[in-house]
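Q: I have this model open on my screen and would like a close look at one part of it. Could you walk me through the central sheet and what packs against it?

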Amino acid sequence: MRKPVVGVIGNAHRVENRFQVQMVGERNLRAVAEVSGGLPVMFAGAPDITDIAALLDTVDGIVLTGARANVHPTRFNVDPCEKHEPYDIHRDEVALALSVACVSRGIPLFGICRGLQEMNVAFGGSLHPEIREIPGRMNHRMPRLENGEIHPDPTVVFADRHDVDLTPGGAFAKLLGCERIRVNSLHGQGILDPGKRVLIEGVAEDGTIEAIRIAEAPTFALGVQWHAEYDPQRNPINRKLFEAFGEAMVAKQKAAA
């Protein structure tokens, strides 16, 4: 049996302020290849060159990665604000349609950080543009130096920062074999209202939704707010998630055969 092919969504970037490119973080690609056992293939977060039906005929699973850009507020009926930029409206269009299509066609779907947010919006949910502004919430953004620059040490940036309580008996608790985990935190936007088919599977100590699954999905359709692609080769929680994603893709291949 061939390796499962995994579509990993790209993010729009401008290199040297001149060249428009699509990029994927290497940690995402290595997590897919080294832990899920798949062949990672980037596809563009651009609707004019990405045929979702053709893409899903080609791949065995989809990863919606994290990204710097926020989901555009008009996607959940909120006026945009400059302070919550940047946005990536082209990725929004691809990722939201793709989330629904994956679940409909029974193709394993793994949403990470922005990916979780996209899954929620795709099924009718809403987001808060800056979770830390809600009374009682912590700052979930990545650590910075006193001068405001992002901390240069990735072990500090991706260090575990808070607990997540998992739903007893839920998909995550069964998969991970526990009801409390500790995770990293690198996001500003977060789920406000869950979508109609979005089931909450994990909540941070401050009430922020950290883990979801799509109800009645025929296969793996999970989202996490933390960056699970960071060191799943050694982190047991993240490793189990990518392994389960890989197992779901193999099961899909066997069923198709």
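A: Happy to help; here is a walk through the sheet, the helices on it and a few residues worth a look.

A word on the ground rules. This is a predicted model, in which local features need pLDDT of at least 70 and side-chain atom pairs count only at pLDDT 80 or more, while totals for chains, interfaces and linings use all residues. Residues are numbered from 1 along each chain as its sequence is written, and side-chain values use heavy atoms, with hydrogens and water left out.

Let's start with the whole chain. It has seven helices and 13 strands; these are DSSP runs numbered from the N terminus, helices being H or I of at least four residues and strands E of at least two. The C-alpha atoms fill a box of roughly 55 × 45 × 35 Å along the principal axes. For 257 residues, a compact globule would have a radius of gyration near 18 Å, and the chain's 17 Å agrees with that. That radius is taken over C-alpha atoms, and the globule rule is 2.2 Å times the number of residues to the power 0.38. Of the 257 residues, 51% count as buried, where buried means under 20% relative accessible area, exposed over 50%, and partly exposed in between (1.4 Å probe, protein chains only).

Now to the sheet itself. Nine strands form an open sheet with mixed pairing, in the order 4-1-5-6-13-12-11-8-9. Two strands pair if DSSP finds at least two bridges between them. Strand 4 (39-43) and strand 9 (180-183) stand at the edges with a single partner strand each, so one side of each is left without a neighbour in the sheet. From one strand to the next, the twist averages 25°.

Some of the pairings can be followed residue by residue. Strand 1 (residues 5-9) and strand 5 (residues 61-64) run parallel, joined by three bridges, and the bridge partner of Gly7 in strand 5 is Ile62. Elsewhere, strand 8 (residues 162-166) pairs with strand 11 in the antiparallel sense over three bridges, with Leu166 opposite Gly202 of strand 11. Strand 11 also pairs with strand 12, antiparallel and over five bridges; there the bridge partner of Gly202 is Ala211. The hairpin of strand 11 and strand 12 has four residues between the strands, and in it Gly207 takes a positive phi near 95°.

Next come the helices. Helix 7 (residues 236-256) packs on the sheet and touches strand 1, strand 5, strand 6, strand 9 and strand 13, its direction making about 155° with that of strand 6. Helix 4 (residues 114-122) lies across strand 5, strand 6 (109-112), strand 11 (198-204), strand 12 (209-214) and strand 13 (221-224), at about 115° to strand 6. For these angles, axes are lines fitted to C-alpha atoms, for helices over the stretch in contact, and the values run from 0 to 180 degrees between N-to-C directions. Contact means heavy atoms within 4.5 Å.

Helix 4 deserves a longer look. Eight of its nine residues are buried, so helix 4 is largely enclosed by the rest of the structure. Among those buried residues are Arg114, Gln117, Glu118 and Asn120. After helix 4 comes Gly124, whose phi is positive, near 95°.

Just ahead of the helix, Cys113 sits in the loop between strand 6 and helix 4. Cys113 is buried, with a relative accessible area of 4%, and its phi is near 55°, a positive value in a residue other than glycine. Most residues other than glycine have a negative phi. Cys113 is in no disulfide, the nearest cysteine sulfur, that of Cys102, being 19 Å away. In fact the disulfide count comes to zero, a disulfide being a pair of cysteine sulfur atoms within 2.5 Å.

Finally, Ser99 ties this picture to helix 3 (residues 89-105), where it is found. Ser99 is buried, at a relative accessible area of 0%. Leaving aside neighbours within four places in sequence, Ser99 is in contact with Leu64, Leu109, Glu118, Met119, Ala122 and Phe123. A polar atom of the Ser99 side chain also lies 2.9 Å from the backbone oxygen of Ala95.

Methods
Polar contact = N/O pair within 3.5 Å; in protein donor to acceptor, adjacent residues only side chain to side chain.
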